[in-house]
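Visitor: I would like to learn how to read helix packing and enclosed space in a model. Please take me through one case.

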Amino acid sequence: MGKETGFLELDRHDRTYGPVDERLKNYKEFIIPLSAEALKDQASRCMNCGVPHCHTGCPVNNIIPDWNHLVYENDFRNALEVLHSTNNFPEFTGRICPAPCEAACTLNIVDQPVTIKSIECAIVDKGWAEGWITPKIPAHKTGKSVAVVGSGPAGLACAQQLARAGHSVTVFEKNDRVGGLMRYGIPDFKMEKHLINRRAAQMEAEGVVFKTSTEVGVSVSVNSLKDNFDAVVFAGGAEDARRLDIPGSELPGVRLAMEFLMQQNKRNAGDDELRAAPRGSLTATGKHVIVIGGGDTGSDCVGTSNRQGALSVTQLEIMPKPPVHENKAMSWPFWPLKLRTSSSHEEGCERDWAVLTKRVVGDNEVKGLECVRVEWKDGKMHEVPGSEFTLQADLILLAMGFVGPRKAGMLDQSGVDLDARGNVKADTEQYHTSDEKIWACGDMRRGQSLVVWAIREGRQCARAVDEALMGASELPR
């Protein structure tokens, strides 16, 4: 497997970024890929572990050692086949997945994991460049039809798998373009949207029909889908954003992160301001911006604000500052709690932890944000007496995560059972809801999660639907 002594001879060397002053001038991707020789060297570091924990660290169970070996042997075409056998869209995960596989890598014990994510991305990018990725037209049609609601990673993966099994698949998307939050929630500087367009074109050639600007539960009823399709899959994501419940949060300068990110992505796609921002333009230009929430969405707001020309950007997190290095003995091979600094943070941002917001300062517009420091004892949060402070702010962006799928419209109309967290109730074997004609997968079923988990659930749900419709399935789980 690879070079038996590669991990002893070579250190980890990953992709690099373009200079900050250049990348802040646009919304293009700025990762500099590894050279062919460096890629081969990094692939050679795979250890041929007796128990390859990277398999289980990866939600789609990518067969990582196999394609590492094939890259080492410069056999990219077969590496692509192995990669696609478990992951429909590796160009997405190769850019925006946090790489739990690398956290699980045996070499991560000494902070030298194999550059799995970079190798994955290089394989699929080469596949597209060489013309190896083409539509997979089913040899026969089953005569069965499936409606997939939502065109995020779960819906796309489910639809593609079902189409390749021979079913007639129609994807319903409420927005004007396919891709879900990958399209409008992830900035172009992390993943350019021609990547989604390219996959959508492939899927259309495979027989998938996309109906955009069509919201199920509003312009199309759930009952009409049940009447006209043999199966219905709910893959609409978890879009109900957590709100800020403090005095002053109703002021117009307090806005949801997704609205902010979506507007900029629409501008990047060529939409005029009326179409990109029908409720009024929302920009950080010339403003002191505070981002509440320390996760990836908050980081995306930081990068976008800097590109728009914010005067300052501050990101707040209610939890304590995590350690710079994890305790390997306690965490490996699982995903560790540790300080993560994104490329957006490196572009310019103040970060503060263990901060609780108390009141938005302002009359008709935002002027500041009153905060207090907190400490955590016995799993409970306590305000630190005398630690109150106020931050200057013109724009406050809420990036505090999502509490589940939106209930109004489709879910209320369908009447499917929900679990204790408010997600659609369905297991991970059959993905069946309480309605015999409806299945559910992705964030709508599991709650806010990663793109790679959505792809996994979409694939597994497709197999469950295929099995229910045909009595058996040859689709992989």
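Visitor: In which hand of crossing, left-handed or right-handed, does α3 pass α5?

Guide: First, the basis. This is a predicted model, in which local features need pLDDT of at least 70, side-chain atom pairs count only at pLDDT 80 or more, and totals for chains, interfaces and linings use all residues. Residues are numbered from 1 along each chain as its sequence is written, and side-chain values use heavy atoms, with hydrogens and water left out. A crossing is left-handed if the near helix is turned anticlockwise from the far one by less than a right angle, and right-handed if clockwise. Here α3 passes α5 in a left-handed crossing. The residues in contact (heavy atoms within 4.5 Å) are Leu39, Lys40 and Ala43 of α3 and Asn68, Val71 and Tyr72 of α5.

Visitor: At what angle do helix α3 and helix α5 pack?

Guide: Helix α3 (residues 36–43) and helix α5 (residues 64–72) pack at about 140 degrees, their axes 8 Å apart. Angles under 35 degrees count as roughly parallel, over 145 as roughly antiparallel, 65 to 115 as roughly perpendicular and the rest as oblique. α3 and α5 are therefore oblique to each other.

Visitor: How is empty space found, and which residues lie nearest the centre of the largest cavity?

Guide: Rolling a probe the size of a water molecule over the atoms shows where empty space is left. On a 1 Å grid over the protein atoms alone, a cavity is a set of points where a 1.4 Å probe fits but cannot get out; lining residues have an atom within 4 Å of a point. The largest cavity has a volume of about 120 Å³. Of its 14 lining residues, Cys46, Cys49, Cys54, Cys105 and Thr106 lie nearest the centre.

Definitions and conventions
Axes fitted to C-alpha atoms, helices over the stretch in contact; angles between N-to-C directions. Helix = DSSP H or I, 4+ residues; strand = E, 2+ residues; numbered from the N terminus. 1 Å grid on protein atoms, 1.4 Å probe; cavity = no way out; pocket = protein on both sides within 12 Å on 5 of 7 lines; lining within 4 Å. Points joined across faces, edges and corners; volume = space filled by probe spheres on them.
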